[in-house]
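Thank you all for coming; I would like to take a few minutes to walk through one model with you. Please have a look at the sequence and the structure first, and then I will go through it piece by piece.

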Amino acid sequence: MNNKSIVIDGKTIPFEDGQTIMEAASAAGIYIAHLCHNPQFTPHGSCKLCTVKVNGRNCSACTFPASEGQNITNVTKELNDDREKITQMLFVEGNHFCPSCEKTGNCNLQAVAYHLGMTDNHFPHFFENREVDASHPDVMIDHNRCIFCTLCVRASQEVDGKNVFAISGRGLEKRLVVNSESGLLKDSDLDVNDCAAHICPTGAILIKRTGYKVPIGQRIYDHSHIDTVTLANEGASHDE
Amino acid sequence: MTNKKVKVATVSLAGCFGCHMSFLDLDERLVDLVEHVEFDRSPLTDIEHCSPDCDIGLIEGGVCNSENVHVLREFRKNCKILVAVGACAINGGLPAMRNHISLEDCLNEAYVDGIGVENPQIPNDIELPLLLDKVHPIHEVVKIDYFLPGCPPSADVFWKFLTDLLAGREPSLNYELVHFD
């Protein structure tokens, strides 16, 4: 038993040595917005949505270790405005046309946007030409919707014991690549039951023949906010 | 309290009129609305140009041709508050899915090489507005004051937004009213 604690938005919460701020917050029922984090995998710290102020300094909550004496702010106008701008940049960098995406209503990117009160994309759109890989019999990749969170990369390596995905290139040249000689998903080790096939927070990796099975009104985020859904799913995972 | 009605202008640019149809889903609430609102330029009135004193402009659809640009600028010039209505106005939407295909290829597919095309030729009449090489969201062309997402935004969204504005409140949409699809 320990009685170490940190303070998030004025609320004192306990933490254990080795926990990140995200893990401590999640276990205490505090939602910190995120897209690239999932408690099942090694934190990646790339999406920067979980940026909080720790004693006045910006830090990624998913990678920053909790330690005694931290005074953290999470839900402030400044931080949420930054989060909204980051989300808008993700929307204009890819091609995210929600009305024609199978993931709509179940999409974490969309739900984070709702959570932040985002109603427009603010920036000029890139309208980049990205490919679709529909070669695999059961799984497809629509690169238009990839946000480079690496959840599939980590899921494949850490849970599936495979190495199907990687991120290649830098900056605007960055792309999700598939580990197969042809570069196509059909020639990789990916199986439809792999964790990596189901972990995508957007509509970039989809299971074929499952789209629109859940009617509008019954989808994950039709009535529930992402903070509630996330804490229910991930809070328990952090507690284990 | 004056009885002067609020002037609302509406237009569908590169849209499908679905947002206008959704607006008409206000049904009997339209009767209440026209107590306070007068429609100016709009497909609902067939008035061809905006009066210089419009209060609210509702823009459906993105910008896909030169005429869309002129119309959008006319709305900005004449409307105090300009509103992007629906997915296409906000991010280009379905029409913008042509953006990664060259305009020449689009035209060839539609008017020259497409299945079942008779007398193939690319339309080229002075009356036809020139297509832009890409479809753009309207905020890339003029300043937009409010955004009503949805494909389409439901009648409840229009109702909440307009009644908030008419009452002098800052418009706000609750969680159930904001959706991108």
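Before anything else, please keep in mind that what you see is a predicted model. I will begin inside chain A, where 13 residues of domain 1 are in contact with 16 residues of domain 2. If we sort the domain 1 side of that contact by class, we find 7 nonpolar and 6 polar residues, and no charged ones. As for the bounds, domain 1 of chain A is made of 5-81 + 228-239, while domain 2 of chain A covers 96-222. The centres of these two domains, taken over C-alpha atoms, are separated by 24 Å.

That brings me to the packing. The largest nonpolar core holds 58 residues, and those that touch the most other members are A:Ile21, A:Ile32, A:Ala61, A:Val112 and A:Cys152. Helix H1 of chain A, residues 21-27, gives the largest share of this core, with 5 residues. Why do we say that this core lies between domain 1 and domain 2 of chain A? Both domains give residues to the core, and therefore it lies between them. As general background, nonpolar side chains in soluble globular proteins tend to be buried together.

To see one of these core members in its surroundings, take A:Ala61, and leave aside its neighbours within four places in sequence: A:Ala61 is then in contact with A:Thr20, A:Ile21, A:Met22, A:Ala25, A:Ile32, A:Cys50 and A:Val52. Apart from this core lies another one, of 42 residues, which includes B:Phe23, B:Leu72, B:Ala96 and B:Phe161.

Staying with chain A, I turn to helix H4, residues 151-159, in which A:Leu151, A:Cys152, A:Val153, A:Arg154, A:Ala155 and A:Ser156 are buried. Which strands help to cover the buried residues of H4(A)? Among the elements that do so are strand E8 (165-168) and strand E10 (205-207) of chain A. Just after H4(A) comes A:Gly161, with a positive phi of about 65°.

Next, the sheet of chain A, an open one in which 5 strands follow the order E2-E1-E5-E3-E4, with mixed pairing. Strand E2 (11-14) and strand E4 (57-60) of chain A stand at its edges, and because each has a single partner strand, one side of each is left without a neighbour in the sheet. On average, and with direction ignored, neighbouring strands of this sheet are turned by 35° against each other. The partner of E4(A) is strand E3 of chain A, residues 51-54, and the two pair in the antiparallel sense over 4 bridges. Within that pairing, A:Val54 stands opposite A:Arg57 in E4(A).

Let me now move to chain B, whose secondary structure comes to 6 helices and 7 strands. Read from the N terminus on, its elements run β-α-α-β-β-β-α-β-α-α-β-β-α. Of the 181 residues of chain B, 37% count as buried, and its C-alpha atoms fill a box of roughly 60 × 35 × 30 Å along the principal axes. Looking at contacts in chain B with a separation of 6 or more, 79% are accounted for by residues 24 or more positions apart.

Strand E5 of chain B, residues 79-85, is mostly covered, with 5 of its 7 residues buried. E5(B) pairs in the parallel sense with strand E3 of chain B, residues 54-60, over 6 bridges, and here B:Gly57 stands opposite B:Leu82 in E5(B). E5(B) also pairs in the parallel sense with strand E7 of chain B, residues 146-148, over 3 bridges, where B:Ala84 stands opposite B:Phe147 in E7(B).

In the loop between strand E2 (37-39) and E3 of chain B we find B:Pro52. Is B:Pro52 buried or exposed? B:Pro52 is exposed, because 8 other C-beta atoms lie within 10 Å, and exposed requires 12 or fewer. Although B:Pro52 and B:Glu74 are 22 residues apart in sequence, their C-alpha atoms are 9.3 Å apart in space.

I will finish where the chains meet: 23 residues of chain B are in contact with 17 residues of chain A. On the chain B side, helix H4 of chain B, residues 87-91, supplies the largest share, 3 residues. That side divides into 13 nonpolar, 6 polar and 4 charged residues.

Notes
Residues numbered from 1 in each chain as written. Chains lettered and ligands numbered in written order. Predicted model: local features only at pLDDT ≥ 70, side-chain atom pairs only at ≥ 80, totals over all residues. Contact = placed C-beta atoms within 7 Å. Nonpolar A, V, L, I, M, F, W, Y, C, P; charged D, E, K, R; others polar. Domains from an automatic or database assignment. Core = buried A, V, L, I, M, F, W, Y, C linked by C-beta atoms within 7 Å. Buried ≥ 20, exposed ≤ 12 C-beta atoms within 10 Å, placed from the backbone. Pairing = 2+ DSSP bridges. Axes fitted to C-alpha atoms, helices over the stretch in contact; angles between N-to-C directions.
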